[in-house]
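Hi everyone, thanks for coming. Let me put the structure up on the screen, and then I'll walk you through it.

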Amino acid sequence: MSKRSFSLRSPLDMHIHFREGAMMRRVAPLSAETFAGGVIMPNLVPPVDNLDRLSKYEREIRETVDGHAFEPYMTLFMRPYTESELASMKDRIIGVKLYPEGVTTHSEGGVGNLRDIEGTLALMEELDIRLMVHGESTDFVMDRERAFLPVYEDLAARFPRLAIVMEHITTRESAELLDRHENLSATVTLQHLLITLDDIAGGLLNPHLFCKPIAKRPEDREALLALALEAHPRLAFGSDSAPHPVDKKESAGCAAGVFTAPIALQMLVGLFEEHGALDRLQAFVSDNARRIYGVAPPEKTVVFEKTGAVIPERYGDVIPMYPGRELDWKVAEVR
Ligand code: NCD
Ligand code: ZN
């Protein structure tokens, strides 16, 4: 008999955009309701790249998710940092996020030339600070992640004690790279397990599925799904839930980002069940991350029930992935 009920312990979202102000107040509680913790991305305007900004941002998040058992794991936006800067923020962050200049939303102040941060990377290796990377070049859009792989290989080899996270991987080649370097790990999103470029642009253009890195080919999705379903020990779930107001999505010049935070877990339960892999989901959404990042999130149990539910059309002015779609599973209880 198929399961009617399923539980996860302290699910974690290792890549999430909370934004600030009114948008944060709208989206952060939705994550904090079901997730026990999350890695908070620093690509604000201006970015989170100093102690004062980091402290204020963390305080705003904690105030916003007050009452929920949710731990925000903070990150810094990569720039050349001094040793004393890094030392002063080391215990407050889970890593430093490298955005190559101009490759995604709010990355204008990103790194133009990797040589500029060589010294910072050496310091991070010394101080045991994790490097998280948006791994895309500025080549043709479908080739950007592939073109970046030699950079990962080079960094992994030259900084063997630096823990490097390949964020939101989208290709078969990235999935394969995971087994080649001990110091590499990766996150993968929900949408990249489900969609290809066809779902975005194969028929009528769907702006709500448009994100960076762009979803790729069927064989890429298959490779990522296989990696997730086996809960590869160096892979963690990171939704990359990236809310934008509806007028920025349904517009000429659509902003990149898919909003999945409130529906990601229910959809993952359905996806893993469909593939007979429910017993691997706990590792994929929590246990792997605890081990890879060495975190101990608050205790939280999320109980799912197999009774139909419908994805809301909107959360305020934000439209989620698959608005109006019927789901098999819903969150029945959080304790
Ligand atoms: C993210 C955003 O909107 O901040 N957008 C996206 O398409 N994923 C930035 C990012 O993670 O690349
Ligand atoms: Zn992101």
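**Bends, a ligand and some holes**

Let's start with a loop: Pro213 is in the one that runs between helix H8 (197–201) and helix H9 (218–229). Helices here are DSSP runs of H or I with at least four residues, strands are runs of E with at least two, and both are numbered from the N terminus. Before I go on, some housekeeping: this is a predicted model, where local features need pLDDT of at least 70 and side-chain atom pairs count only at pLDDT 80 or more, while totals for chains, interfaces and linings use all residues. Residues are numbered from 1 along each chain as its sequence is written, chains are lettered from A and ligands numbered from 1 in the order in which they are written, and side-chain values use heavy atoms, with hydrogens and water left out.

Back to Pro213. The peptide bond that leads into it from Lys212 is cis, with omega near -10°. There's another cis bond from Val45 to Pro46, with omega near -5°, and Pro46 is in the loop between strand S3 (37–40) and H2. One more oddity: Asp240 isn't a glycine, yet it has a positive phi of about 55°. You'll find Asp240 in the loop between strand S9 (235–237) and helix H10 (246–249). Why point these out? Because most residues other than glycine have a negative phi, and most peptide bonds are trans.

Now, which residues are closest to ligand 1? They are Arg19, Asn43, Thr104, Lys212 and Asp240, out of 15 that surround it; to count as near, a residue needs a heavy atom within 4 Å. So we meet Lys212 and Asp240 again. By class, that shell has 3 nonpolar, 9 polar and 3 charged residues. Nonpolar here is Ala, Val, Leu, Ile, Met, Phe, Trp, Tyr, Cys and Pro; charged is Asp, Glu, Lys and Arg; the others, Gly among them, are polar.

Let's look at some polar contacts, meaning pairs of N or O atoms within 3.5 Å. The side chain of Asn43 has an N or O atom 2.8 Å from an oxygen of ligand 1. For the side chain of Thr105, the matching distance is 3.2 Å. Gly257 brings in a polar backbone atom, 3.2 Å from a ligand oxygen. On its own, ligand 1 exposes 320 Å², and the protein buries 100% of that (Shrake-Rupley areas, 1.4 Å probe).

Where does ligand 1 sit? In the largest cavity, which here takes more than half of its atoms lying within 2 Å of the cavity's grid points. A cavity is a set of points on a 1 Å grid, over the protein atoms alone, where a 1.4 Å probe fits but cannot get out; a pocket is an open set with protein on both sides within 12 Å along at least five of seven lines; and lining residues have an atom within 4 Å of a point.

The largest cavity holds about 100 Å³ of space, where volume is the space filled by probe spheres set on the points. Of its 16 lining residues, His17, Thr104, Lys212, Asp240 and Ala242 are closest to the centre. The second largest cavity has about 40 Å³, and its lining includes Ala242 and Gly257.

Last stop, the largest pocket, with about 350 Å³. Strand S4 (71–77) and helix H2 (51–64) each give two or more residues to its lining, and S4 gives the most, with 4.

Conventions: Polar contact = N/O pair within 3.5 Å; in protein donor to acceptor, adjacent residues only side chain to side chain.
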